[in-house]
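Please open the structure in your viewer and keep the sequence beside it. The tour below goes from one selection to the next and says what is found at each stop.

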Amino acid sequence: MTTALILLPVGGALVVWLLPLRPFAVASTAFLVALAEVALWIDTLARFDFSRPGLQFDEQQSWFSDLHVSYHVGLYGFSLWLVGMSVVVLAAATGYAFWAGRDRPRAYYGLMLLLTGAIVGVFLAQDLLLFYVFWEAMLVPLYFLVGVWGGPGRLRATLLFVIYTMAGSLLMLASIIVLGISQGTFDLVDSGTNSSDWIFLGFVAAFAVKAPLFPLHAWLPETYRESSAEVSAVLSGVVSKLAAFGFLRIAIAKFPGPTADFRTPILVLAACGLVYGSLLAFRAPDLRGVIAYSSLAQMGLITLGLFAVNPLGLNGAVLQMVNHGLISAALFLIAGAVERRAATGELQALGGMARGRPALATVLMTTGVIALAVPGSSAFAGEFAILAGVFTTGWGYAVVGAAAIVFAAMYMLRLISAVLHRSPGRAVTEAALDLRPAELGIIVPLVLCLLVLSAWPAAITERSFPTGNTLTELAGSR
Amino acid sequence: MIASLATPTIDWFALAAPLSLLAAGAVNLLSAVLVPRGDRRVVASVVAALGYAAAIAFAVALYQQTPDGHGVIADAIQRDRLGALTSVIIAGCGLLAVGVSFSERMSDDHIAEYYALLAWAGAGMTFLASAGTLLTLFLGLEWFSISLYILCAIDRELVGSLEAGLKYLIVGGFGSAMLLFGSALVYGATGRLEFHEIAAQVSAQGLSHDALLVAGLALIIGGLGFKASAAPFHMWTPDVYEGAPTPVTAFMSGATKAVALVLTLRVLVTAFPQEARLWTIAVAAIACASLAVGNLAALVQTSLKRLLAYSSISQAGFMLIGIASNNALGARALLYYLIPYCAMSVGAFGVVAARERELNRPVTMDSLAGFGWERPLLGGGMTVFMLGFAGFPLTGGFVGKFYVFSAAYQHGWTWLVIVGVVATAVSLYYYLGVIRAMYFRPSEELQLAAVAGGSPPRELLLQSAVAAAIVVTVGSFFAVQPLIDICRHAAESLRF
């Protein structure tokens, strides 16, 4: 059943590639598969027993036995929520592409579905090598999606993106080999904790690049700017969360000793990223830049929560991962919609779009207000929990984090006013339409999810780590 | 007098694979004379394909019926699963190479001889795969090398073909001479030719630091290094790979490397176990040199064949890590790695051959623009092969790399794992560069006249060869367990 979550999109990809379908049929098939994936997740959610600790719905099948590598997948409470966020965002992204129309649809939608399968696989993998397999498998469709369907600077952007992520990933591969061979198994559940700083740093390198953690973010602005809107939404909404997931599932859970040793430098870097990203977001000249740098800042915040290594911080981080996934996906899709109308994302040339476009104004306003963590929003709940969690580690981090909420308000309000208010910019014509029903149908569900979470953040915070002492449980049985 | 010479009993079954290929070559030579010119191409290629198919069948049977290895024919030949598995891999390469060769634009003058030589090269390799003495080692090596020298130069209308043949002849002859000289020194030191007897003599007489023996060992490693095109014995590789007819390059890059690497493993482990401290370091150094040279030089290539040539040097480096590990896991890793490697290598050169025929000129990175979109199967195949070389998951290349790195770590050489990882990172630039050239650039950038008459003729055989290579490359990722079991049994022929 868990395997179905991976196989459904991969099978969809094969159908799209191999059957000679017409472009419209291809796109609609892909969208339907993405929706079916969401339905499958809802079904899993309904059957998930939150009162029970440990791995659920796990399936194991030996892959090669001499090195004890197996296909082992399963779900924890927090990974269930992250999978949910991912499939929702990916369905929205696929739907957006369907609506916007993409060249070479068979290749495009096949890759999109493959990406879905790989991303879900990373969250489900309970074997180190399997984790790496999905992690790398995810890079291939992304490479094509950015490199073929991206903007004019896509070649440079893909190069940067791939070099950065692969440099990190390969260090992780070395770590995986050393850890797996020395422990005699690659299974995440069967293996125990480890105290090697070097192995830990290999994993951290991969996750820190992917997140990205300051100062490894050089690939981020160009990649997010050059990708098409829905791919940026996936990159910033989902792919970055995989890195945070990796921090939690492997780095923190498997390496308690090194985590304690390296906690201060990581927390400091996260705090730097938070402030630096926020400031850059405030100064960025274009829509995508603001969202990209705010993503850097938010990942810093999430990392703060994770490396607080206490229940409050972890719960907050998981909630914020879901929040930010939905928020930044929604923002990127809105940015894509704005760019389609104005043919530019430069804030200078935009403005005044609220007049006569109530739907756009409402959606952007709602998302923006949640993003800047207005009290009562789910982002507020997440950030509050993170700050409270990290406060016990050091009050300085909490102060930086609190300041960052102010920065968030600054850059978000600047974005909102630059797009919606002021006098109409030179790129905004009268003819530019409001959001179409199809666009609303894609973006509004994301916003609705956020509103539901705002009303009931405990849905996640009380159901991510049901038993409390989850870190010992994640650390494995040995 | 003659009657008193003891002649060994001959185990024909152990020789069945090379013999069937020899026979195929002989039939082809006859067909060069007897079959009318118009039918020669079809007949010769079918005969060669049958020869290779028979070789696969015999090698598989040999594998199944030889659970424990032993020497046959006065220990000249080692009948074991290692040799059988290597023969299967070689013959597989040969079969694919026949598919790639079929529509090569070559004059009909020598077409039957071409396939005869292709079969004989394979015969020499399958013979070499089970060599048990220094003499059969040299014999097998020269046997397939001479066939390949001619194959490289056979297409006289191809610019650079003759040059390639000549270069290969001279440099390859040098390598063979090194191997022969090394063998002579080892024979001088130990008085024996059989691999296991050499080891026995070394331990009996305490020769493990004998200067003669060590010098001989070094020369043998060097001689085999030439054939495996490992740095610093790689100088011929780019020129020969570029100049030779592409199907020949495809065959060479897969089969020659496979047999040379397996023989390196066999000789070092069976004949020189006492010198393991020396040769593990030497092989690791050669591996590092190959990784450095292959990867760095490949970064700046514009000709696709040269790029793949340098990539094959770096791939040899990865596989040598398995040998340098000197453990059962390393042997298994090498044998496993060879399976997807050969498929990727033959497949990639097959795609190059197809593009060459389409454009009628050498393939550069520029002339790949738009290729992926225009030819979905070939472009997709090339993508799979490049990702496989680069070690991305969903290809056997990933598992192969994982295994060799694991073997190096098990040997205690974490630094070698790091070197391999760094080399992989560097290699991404050019492997992904090929994909970028095929897909990311619109074909309008292709500064060539459009191919006359729309799409080129369907080359069914070449496309099936590429498809088969894709299946092996991807299939070996999913079927790791059965393949690794086969490799483990094969590796058990060696004592670690």
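Begin by selecting helix 3 of chain A, residues 77-100, in this predicted model. Its 24 residues should span 34 Å at 1.5 Å a residue, and because the C-alpha atoms at its two ends are 35 Å apart, the expected and the computed lengths agree. Colour helix 3 of chain A by accessibility and you will find it mostly covered, with 22 of its 24 residues buried. Step past the end of the helix to A:Gly101, the residue that follows it, where phi is positive, near 80°.

Stay with chain A and turn to the cavities. How many cavities of 30 Å³ or more does a search of the whole structure find? There are eight of them, and the largest holds about 90 Å³ of space. To see the walls of this largest cavity, select A:Ser294, A:Gln298, A:Gln320, A:His324, A:Ile327, A:Ser328, A:Leu331, A:Ala371, A:Leu372, A:Ala408, A:Tyr411 and A:Met412. Helix 11 (287-307), helix 12 (311-342) and helix 15 (395-420) of chain A each give at least two residues to this lining, and helix 12 of chain A supplies the largest share, with five residues. Colouring the lining by class shows seven nonpolar and five polar residues, and no charged ones.

From the closed spaces, move on to the open ones, and select the largest pocket, which has a volume of about 1800 Å³. Its lining is made of 48 residues, and those nearest its centre are A:Leu14, A:Trp17, A:Leu114, B:Val384 and B:Leu394. Among the elements that give two or more residues to the lining of this pocket are, from chain A, helix 1 (2-18), strand 1 (56-64), helix 4 (105-124) and helix 5 (128-149), and, from chain B, helix 14 (371-374), helix 15 (376-389) and helix 18 (460-478). By class, the lining of the largest pocket has 37 nonpolar, nine polar and two charged residues.

Now turn to chain B and show its charged side chains. Over all chains, the structure has 24 salt bridges, and a few of those in chain B make useful stops. Select B:Arg266 and B:Asp80, which form a salt bridge with their closest N and O atoms 2.9 Å apart. Because B:Arg266 lies in helix 10 (residues 246-271) of chain B and B:Asp80 in the loop between strand 2 (77-79) and helix 3 (81-101) of chain B, the pair ties together parts that are 186 residues apart in sequence. Both B:Arg266 and B:Asp80 are buried.

Next select B:Arg357 and B:Glu104, another salt bridge, in which the closest N and O atoms are 2.9 Å apart. Here B:Arg357 belongs to helix 13 (residues 328-359) of chain B and B:Glu104 to the loop between helix 3 and helix 4 (111-129) of chain B, so this pair ties together parts 253 residues apart in sequence. B:Arg357 is buried, with a relative accessible area of 7%, and B:Glu104, at 7% relative accessibility, counts as buried too.

In helix 13 of chain B, look also at B:Glu358 and B:Arg355, whose side chains meet in a salt bridge of 3.0 Å, N to O. These residues are three apart in the helix, so about one helical turn separates them. B:Glu358 counts as buried at 10% relative accessibility, as does B:Arg355 at 1%. For a network of salt bridges, select B:Glu163, B:Lys167, B:Asp239, B:Glu242 and B:Arg306, which are linked in this way.

Return to the loop between helix 3 and helix 4 of chain B and select B:Ser107, which counts as partly exposed at 24% relative accessibility. If you draw a distance from its C-alpha atom to that of B:Ala287, 180 residues apart along the chain, the viewer should give 40 Å.

Finish with the cysteines. Why do B:Cys93 and B:Cys342 form no disulfide? The sulfur of B:Cys93 is 3.7 Å from that of B:Cys342, its closest cysteine sulfur, and this is too far for a bond, because a disulfide needs the two sulfur atoms to be within 2.5 Å. Both partners are buried, B:Cys93 with a relative accessible area of 2% and B:Cys342 at 3% relative accessibility. Over all chains, the structure holds zero disulfides.

Note on methods. Residues numbered from 1 in each chain as written. Chains lettered and ligands numbered in written order. Predicted model: local features only at pLDDT ≥ 70, side-chain atom pairs only at ≥ 80, totals over all residues. Heavy atoms only, no water. Buried < 20%, exposed > 50% of the residue type's maximum accessible area, 1.4 Å probe, protein only. 1 Å grid on protein atoms, 1.4 Å probe; cavity = no way out; pocket = protein on both sides within 12 Å on 5 of 7 lines; lining within 4 Å. Points joined across faces, edges and corners; volume = space filled by probe spheres on them. Helix = DSSP H or I, 4+ residues; strand = E, 2+ residues; numbered from the N terminus. Nonpolar A, V, L, I, M, F, W, Y, C, P; charged D, E, K, R; others polar. Salt bridge = Lys/Arg side-chain N within 4 Å of Asp/Glu carboxyl O. Expected span 1.5 Å × (residues − 1).
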